[in-house]
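Work through the exercises below with the model open beside you. Try each task before you read its solution.

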Amino acid sequence: MTPAATAYELRSADLAAITSDVWAVFCDVDEEFPLLPTTEAPADGAEVVHASVGVSGAWNGQVILELTAVTAHAATAAMLGQQHVEPRDMTDAVGELVNMVGGNIKSLLPTPSTLGLPVVVRGRLLQAEVPDAAEIYRAELAWAAEPLRVSVWTSDHTPGTNQGRQQ
Amino acid sequence: MTLSSTAFGYVSDLVRKEAAIVLDPGKEYLVEARLLPLARAAGISGVDEYVATVRASAGPAERAAVVEALTTNETSWFRDREPFEALTKTVIPELLESASVRRKITIWSAACSSGQEAYTIAMLMADHVLPRGWTVEILATDISTEMLERTKAGRYSQLEVNRGLPAPLLVKHFHKVGTQWQVSDQLRSMVKVQRLNLAGPFPPLPTFDIVFLRNVLIYFDNSTKRSILDRTRRVMSPRGFLLLGGAETTLGIDDRSWARTPAGRCTLNRPLTGAHHDPSLTPATPLVSAAGVR
Amino acid sequence: MRALVIDDSRTMRIVLCRQLARLGFDVLEAADGRQALDVLASTGDDPPALATVDWNMPVMDGLTFVQAVRQQSQWRQLTLVMVTTESEHGQIVRALAAGAHEYLIKPFTPEALADKLELLGLHPTGAVA
């Protein structure tokens, strides 16, 4: 009846759990490859797509999803239910994936905050795209042996927010 | 490792008969993925070997575990909806009308799994019974201690609360703790858990006004069904109500001990006291039309 | 029975349209709240029975759309289900207070969508089992 008044402390495990749920429902429809935590960082050289969604209000920052082009293609094909995928399909599908991950992460951060609209870019994430922000949480995952990273960045530097990087 | 066609055939037959779910050829990987944890829990390394063990044992609990692993990702809250409509429209009003000096309703959620049914009942009781100054006690039992612990904790994932829980009830009775939704203390205080194997002798139990025994009799043979129904009747109040699953009935199993009355699209089974000793109490005509039994 | 799917993501519209079509609905689409109001207006005195409404959309968000629909008496039969990633307790309360009938949190399975429509008593004919 009474919502818990104490602030919840986000954990990296939450990033992994939320992303795994999104993947299980929309991308791994045949239950062939669950999204699993891994300790391996994405290898250099693979073509990468990154997608971000901003959160602003009581908490300010971004949720970023980085995945290989192979994964982005497979996830899009699964969501659309078709093998043929146009570049704009992939942009839209990956944007919706980061929207779902970001929205669920937002619900664990200080409220009230507003979720922005997703931005999807081909290529590796550059620090310049998240100015004045620091990465505070990260989860390394793998889907069918392809790496996938979810990270949370904040530009808040006030006491009482979720500071301090946790792996 | 691939699943043998014999094992796949047995499993697909089982889930088709008992859950009306069709597993087409090509879904072998699904059977493997879902049954491997059960095999490992049973100390068996391969799914083929595990399926052979289940076949040989012919045990309802083992078969139920296989069906459950293959059919349910999450249990719905208002699963099948009609039993809960019958509860609020017929059962609760009748119990509140009856001249109970106890002003208390005692309910059994048998084979409670992770507790969604028990808490669904608790939500309805909070709206329809507690405001009348009556108390409610819900006993949730299961053969699995893991399921009892989940029921007692009353914490559900977002995917679980998405399954048929009306949003107004979600916000009224749950709050979010991290990625989970926690049932309110008010509902949790109504629900007690106890381990119980339906197929064996029952431990001492209270006298129940309402029993939810749904989607579990299907796993047992007729003589076991009859003995479970008989034991259930003995722990029920003479004014009590038994609700079974959509594919289950007391009809043809234990005709002389139960009166069946339709309530919407489901059937309420009420104990006929002394029926075993006096067959003349059995109504000459069935109390329910065929349409009342799904 | 017709349903209107409102979501700025084309992918999510495809997912929802596929699931609703399987449940027997004829499906209309809109990419934001403004477009959805136009689609509703174009249906005249025969509006759809159901609209699934995303929250975060450009032009007009889902909450504003719900409030706008609730101010029009000719759409009072329209059942509104929020289908959104917004998952705070307080957000669900806000959406229900604005006039949404049900609330489905993304990610959702096809079974979860079917459960919600079952709760709302929306049973189109011609559903594929």
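The exercises cover one helix, two interfaces and one chain.

This is a predicted model, in which local features need pLDDT of at least 70 and side-chain atom pairs count only at pLDDT 80 or more, while totals for chains, interfaces and linings use all residues. Residues are numbered from 1 along each chain as its sequence is written, chains are lettered from A in the order in which they are written, and side-chain values use heavy atoms, leaving out hydrogens and water.

**Exercise 1. Check the span of helix α1 of chain C, then describe its residues and its two ends.**

Step 1. Find the helix. Helices are DSSP runs of H or I with at least four residues, strands are runs of E with at least two, and both are numbered from the N terminus. Helix α1(C) covers residues 10–22, which is 13 residues.

Step 2. Work out the span. The rule is 1.5 Å times one less than the number of residues. The expected span of α1(C) is therefore 18 Å, and its end C-alpha atoms are 18 Å apart, so the two agree.

Step 3. Look for burial. Buried means under 20% relative accessible area, with a 1.4 Å probe and protein chains only. In α1(C) the buried residues are T11(C), M12(C), R13(C), V15(C), L16(C), C17(C), Q19(C) and L20(C).

Step 4. Recall the helix rule. An α-helix has 3.6 residues a turn, so residues three or four places apart point the same way.

Step 5. Inspect the ends. At the start of α1(C), a side-chain oxygen of S9(C) comes within 3.3 Å of the backbone nitrogen of T11(C). Just after the helix, G24(C) has a positive phi of about 105 degrees.

**Exercise 2. Describe how chain C meets chain B.**

Step 1. Count the contacts. With contact meaning heavy atoms within 4.5 Å, 19 residues of chain C touch 19 residues of chain B.

Step 2. Take the area. Buried area is the accessible area (1.4 Å probe) that two parts lose on being put together, summed over both. Here it is about 1600 Å², with 58% on carbon and sulfur atoms. In chain C, H89(C), D115(C) and L119(C) lose the most area to chain B, together 31% of what that side buries.

Step 3. Find the charged pairs. A salt bridge puts a side-chain nitrogen of Lys or Arg within 4 Å of a carboxyl oxygen of Asp or Glu. There are two salt bridges between chain C and chain B. One of them joins E118(C) to R81(B), with the closest N and O atoms 3.4 Å apart.

Step 4. Name the elements. α4 (89–98), β5 (102–105) and α5 (110–119) of chain C each give two or more residues to the side that touches chain B. The largest share, six residues, comes from α5(C).

**Exercise 3. Describe how chain A meets chain C.**

Step 1. Count again. Here 23 residues of chain A are in contact with 23 residues of chain C. The two chains bury about 1900 Å² between them, 56% of it on carbon and sulfur atoms.

Step 2. Look at the charges. Chain A and chain C share four salt bridges. One of them links R10(C) and D89(A), whose closest N and O atoms are 2.7 Å apart.

Step 3. Locate the elements. α1 (12–26), α2 (69–80) and α3 (87–106) of chain A each supply at least two residues of the side that touches chain C. α3(A) gives the most, with 10 residues.

**Exercise 4. How many helices and strands does chain B have?**

Step 1. Chain B has 11 helices and 10 strands.

Step 2. Of its 294 residues, 54% are buried.

Notes: Buried means under 20% relative accessible area, exposed over 50%, partly exposed in between (1.4 Å probe, protein chains only). A polar contact is a pair of N or O atoms within 3.5 Å; within protein, one must be able to donate a hydrogen and the other to accept it, and residues adjacent in sequence count only if both atoms are side-chain atoms.
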